[in-house]
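Biologist: Let us go through this model together. I will ask for the reason behind each label.

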Amino acid sequence: MSCIDRKENILFLCPPRIGKTHLVISIGMEAIARGYQTYFVTARDLVTQLRRGGQKVGEKASCLCESNCSHDR
């Protein structure tokens, strides 16, 4: 779990029905147990948020990395 300690983002890309969500939720639960905050979003939902909000990818990524970010922006 060193990626959590280094505060790195985790991105899983693979075909449907492989178990990505299960894996990510497990990692998120471990991070929460260690005192970290987590945020989970599917790629589809992230693209929808970006299109709806008119933000550029870099702006959204910066926002998601801030602890005081409103995820609805």
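**Labels and their grounds**

Modeller: I25 has a relative accessible area of 45%. Keep in mind that this is a predicted model.

Biologist: Why is I25 called partly exposed?

Modeller: Buried needs under 20% and exposed needs over 50%. At 45%, I25 lies in between, so it is partly exposed. I25 sits in helix α2, residues 20–33.

Biologist: What makes I25 eligible for a nonpolar surface patch?

Modeller: Patch residues need over 30% relative accessible area. I25 has 45%, so it passes that cut-off. I25, M29 and I32 make a patch of about 300 Å².

Biologist: How do you know that D5 and R34 form a salt bridge?

Modeller: The cut-off is 4 Å between nitrogen and carboxyl oxygen. Their N to O distance is 3.6 Å, so the pair counts. The pair links distant parts of the chain: D5 is in helix α1 and R34 in the loop between α2 and α3, 29 residues apart.

Biologist: What makes D5, E30 and R34 a network?

Modeller: Salt bridges link them. R34 pairs with D5, and R34 also pairs with E30, at 3.0 Å.

Biologist: Is R34 buried or exposed, or in between?

Modeller: R34 is at 38%, between the 20% and 50% limits, so it is partly exposed. E30, at 31%, is also partly exposed.

Biologist: How many salt bridges does the rule give?

Modeller: Three. One of them joins R6 and E8, at 3.0 Å.

Technical notes: Residues are numbered from 1 along each chain as its sequence is written. This is a predicted model: local features need pLDDT of at least 70, side-chain atom pairs count only at pLDDT 80 or more; totals for chains, interfaces and linings use all residues. Side-chain values use heavy atoms; hydrogens and water are left out. Patches are made of residues with over 30% relative accessible area and no salt bridge: like charges are joined within 9 Å, nonpolar side chains (Val, Leu, Ile, Met, Phe, Trp, Tyr) within 5 Å. Accessible areas come from the Shrake-Rupley method with a 1.4 Å probe; for residues, only the protein chains shown count as cover. A salt bridge is a side-chain nitrogen of Lys or Arg within 4 Å of a carboxyl oxygen of Asp or Glu. Helices (H or I, at least four residues) and strands (E, at least two) are DSSP runs, numbered from the N terminus. Buried means under 20% relative accessible area, exposed over 50%, partly exposed in between (1.4 Å probe, protein chains only).
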